[in-house]
Amino acid sequence: MADNNDFNAVEPHLSKDMDITNVPVEKIGHTGPKGFFTQLQGFWVTFATMFKKVNTVQYPEVKEPTAERFHGRHQLNRHEDGLEKCIGCELCAWACPADAIYVEGADNTPDNQMSPGERYGKVYQINYLRCVFCGLCIEACPTRALTMTNEYELADSTRGKLIFEKDDLLGPLRAGMLAPPHPMYPDMTDTNYYNGDVKSSHPSQEQK
Amino acid sequence: MTTAEILANDPGWLIAVKGLFVFVVCVLLTLMSVWGERRIVARMQMRLGPNRVGKFGLVQALADGVKLALKEDLIPAAADKIVFVIAPIISATTAFMAFAVIPLTGPVNLFGQATVMQLTDLPVGVLYVLAVASVGVYGIVLAGWSSGSTYPLLGGLRSSAQVISYEIAMGLSLVAVFIYSGSMSTSEIVAAQQDTWWYGLVLFPSFVIYAISMVGETNRAPFDLAEAEGELVGGFHTEYSSLKFALFFLAEYINIIAVSALATTLFLGGYHAIPGLGFTELWLGGWFTLIWFFLKVILFFFIFVWLRGTLPRLRYDQFMQFGWKVLIPASLIWILVVATLRVISQNGASRPATFAFAGVVVLIVMAISTGFDRSKQKRMNQTYPEASAPSFPVPSLPINSTTINVSERGGDRG
Ligand code: SF4
Ligand code: SF4
């Protein structure tokens with residue numbers, strides 16, 4: 001447009017060439033079936049495709065890696081010293097559009113410290129018959145306790161088996177982690193945990 | 001000796017053996033063609049198709065059949081029980097019956113008995129095949145009607161309309177063959193093709209019309225309106241399960257093979273070798289003709305699969321229009337031409353006269369089709385009359401937007 005301030009400027013593609021109320025049909029473009037030989041091209045497409053490389057993956061034998069950020073089974077993560085990240089806030093359950101998550105929180109006590117801070121998730125269930133793998137729960141989680149893995153082989157033979165409990169969802173204990181319950185890292189607050197200041201467990205955290 | 005004379009000498013046990021042979025061949029071909037179709041269509045869609053059960057998935061169809069047989073057999077409460085049970089039986093038996101008059105080989109030696117692999121040779125063999133095929137449609141119609149449910153009924157109705165329309169075209173396309181060969185017996189038509197060229201070339205229009213209508217006749221894509229998974233959830237066999245469903249399945253595939261076999265017999269020289277390879281017919285004591293026969297049938301079967309892999313299903317009205325307004329008039333005109341040519345040559349007209357007649361016909365056809373094209377072009381070039389201003393008040397258009405340069409923007413339309 002030459003002059004943006006001029007409301008009456010003629011747009012380049014709107015010239016007075018043709019009156020819209022009187023357009024010859026062939027100018028609009030050919031509608032209806034194409035010519036006979038054009039249609040025959042379709043047969044060539046299918047015939048030629050027979051000799052192309054197939055896209056099939058021989059699934060149970062060959063497993064191709066998923067896309068990097070594929071939404072698979074959930075995982076409940078741990079802090080570096082083994083305490084659980086989940087604080088039982090239920091935000092994930094409230095975010096879930098399919099009502100697939102059930103959370104019951106409980107208070108941490110000095111002899112039963114599951115997560116840093118006051119609360120931990122006592123019961124944590126995800127019903128994979130309901131989950132649509134939208135990932136809204138992951139977005140809702142304030143502590144990054146809940147993330148998704150790439151695991152997609154989730155079929156099973158009964159309904160009960162598809163309700164995953166906390167044990168099924170918790171991430172593994174890696175080197176330097178201690179199985180909870182155990183006390184928090186000495187001189188560290190839950191804020192330190194949150195900021196990632198705890199890099200490993202401390203010998204004093206070992207119980208008994 | 002003609003085929004009929006050879007067959008007249010068949011002892012009873014030989015007829016039984018042949019009956020068994022035809023039955024086994026039909027069932028085996030069905031199993032193989034189900035597998036073949038799934039593999040070929042899969043390749044056309046860049047897939048592999050069944051490859052798990054047996055080598056290359058070869059016994060997949062058998063496994064499916066066994067699974068079907070072991071499934072629970074349901075009869076809906078609203079169904080008409082007797083008809084519901086009879087319908088698949090009608091479909092399957094008539095499908096097998098068509099094979100009785102198809103000559104599978106030339107003269108061969110079977111257990112020391114000179115014979116041909118053809119169960120029987122009727123003087124009206126081709127009519128018999130047509131008749132049996134029409135009875136087979138009863139299976140579909142009755143199945144749809146007796147299921148006591150809406151989709152099957154619609155499927156059954158469609159199927160009856162479809163078969164009525166396409167059987168006419170099919171029958172008419174065969175008339176030219178009868179006129180040309182002077183016989184309705186399958187074996188004699190095969191023999192007559194040895195004297196001239198294959199009728200697929202001589203009577204090319206008939207061949208094309210037959211090929212189209214045989215797809216319509218067998219309810220196959222793109223003419224599978226009676227089943228139409230997308231809209232009728234399987235059509236006439238929606239309510240069927242277990243062995244009864246398997247019978248319909250069997251019938252469908254045998255029908256495909258039967259119409260292919262008839263096409264082979266009538267238009268591609270039957271069991272004879274392709275021209276130039278006639279000496280092969282003597283190999284294996286004549287049994288090599290069986291291989292030629294099945295090669296041709298498999299060719300047709302491949303075309304069936306190819307069509308299915310390529311074309312979308314027709315809309316019902318398009319399908320009917322095509323049958324009644326294109327196929328039937330075209331075959332009527334073609335029969336007139338063939339009959340006239342035949343009479344001219346039988347009355348001893350000279351070759352130039354025959355060719356002159358053919359030339360005149362070609363000219364007329366060309367003139368008519370050019371006329372059609374012209375009028376179509378005219379309609380395309382027609383301009384829409386200027387729209388009169390509406391009588392009700394309308395908001396005024398923003399300035400300059402009443403004109404659009406169509407020639408610049410037309411590319412992305414239509
Ligand atoms: S992925 Fe979506 S559906 Fe599944 S649990 Fe999370 S929020 Fe619910
Ligand atoms: S997983 Fe996250 S959102 Fe869900 S209860 Fe635990 S801390 Fe809260």
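**Close-ups of a two-chain predicted model**

**View 1. A:Tyr128 and its ring partner.** A:Tyr128 is tucked away: its relative accessible area is 8%, so it counts as buried. Keep in mind that everything shown here comes from a predicted model. Searching the whole structure turns up 25 aromatic pairs over all chains. One of them joins A:Tyr128 to A:Phe133, a stacked pair with 5.7 Å from centre to centre and 20° between the planes. A:Phe133 is partly exposed, at a relative accessible area of 25%.

**View 2. A ring pair along helix H11 of chain B.** B:Phe249 and B:Tyr253 make a tilted aromatic pair, 5.3 Å centre to centre with 45° between the planes. Both residues belong to helix H11 (residues 242-267) and sit 4 residues apart, about one turn of the helix. Buried or exposed, what is B:Tyr253? B:Tyr253 is buried, with just 5% relative accessible area, while B:Phe249 comes out at 33% and counts as partly exposed.

**View 3. A ring cluster with members from chains A and B.** Which residues do the ring pairs link here? From chain A come A:Phe43, A:Trp44, A:Phe47 and A:Phe51, and from chain B come B:Phe302 and B:Trp306.

**View 4. Charges over rings in chain B.** B:Lys55 lies over the face of B:Phe56, 5.3 Å from the ring centre. Elsewhere on the chain, look for B:Arg342, whose charged end sits over the ring of B:Tyr180 at 5.0 Å from its centre.

**View 5. The S1-S2 hairpin of chain B.** Strand S1 (residues 107-110) pairs with strand S2 (residues 113-116) in the antiparallel sense, over 4 bridges. Side chains along S1 alternate: B:Val108 and B:Leu110 point to one face and are buried, whereas B:Pro107 and B:Asn109 point to the other and are not. Across in S2, B:Ala114 stands opposite B:Asn109. The hairpin has 2 residues between the strands, and B:Phe111 takes a positive phi near 50°.

**View 6. Backbone oddities in the loops of chain A.** Go back to A:Phe133, this time for its backbone: phi is positive, about 55°, although the residue is not a glycine. A:Phe133 lies in the loop between strand S3 (119-127) and helix H4 (136-140). A:Asp99 also has a positive phi, near 55°, and is a residue other than glycine. You'll find A:Asp99 in the loop between helix H3 (91-95) and strand S2 (101-107); its relative accessibility is 53%, so it counts as exposed. The peptide bond from A:Pro180 to A:Pro181 is cis, with omega near 0°. A:Pro181 has its place in the loop between helix H5 (166-169) and helix H6 (190-195).

**View 7. A:Gly160 out on its loop.** A:Gly160 is in the loop between strand S4 (146-148) and strand S5 (163-164) of chain A. A:Gly160 counts as exposed because its relative accessibility is 53%. From A:Gly160 to A:Ala93 it's 67 residues in sequence and 19 Å in space, C-alpha to C-alpha.

**View 8. The start of chain A, to be read with care.** Chain A averages a pLDDT of 84, and 83% of its residues score at least 70. Over residues 1-15, though, the pLDDT is below 50, and the stretch has 13 contacts in the model beyond near neighbours in sequence. Where pLDDT is low, don't read the predicted coordinates in detail.

Conventions
Residues are numbered from 1 along each chain as its sequence is written. Chains are lettered from A and ligands numbered from 1 in the order in which they are written. This is a predicted model: local features need pLDDT of at least 70, side-chain atom pairs count only at pLDDT 80 or more; totals for chains, interfaces and linings use all residues. Side-chain values use heavy atoms; hydrogens and water are left out. pLDDT is the predictor's confidence in each residue, from 0 to 100. Contact means heavy atoms within 4.5 Å. Rings of Phe, Tyr and Trp (its six-membered ring) pair if their centres lie within 6.5 Å; planes under 30 degrees apart count as stacked, over 60 as edge-to-face and the rest as tilted. Buried means under 20% relative accessible area, exposed over 50%, partly exposed in between (1.4 Å probe, protein chains only). A charge sits over a ring if NZ of Lys or CZ of Arg is within 6 Å of the ring centre and within 35 degrees of the ring normal. Two strands pair if DSSP finds at least two bridges between them.
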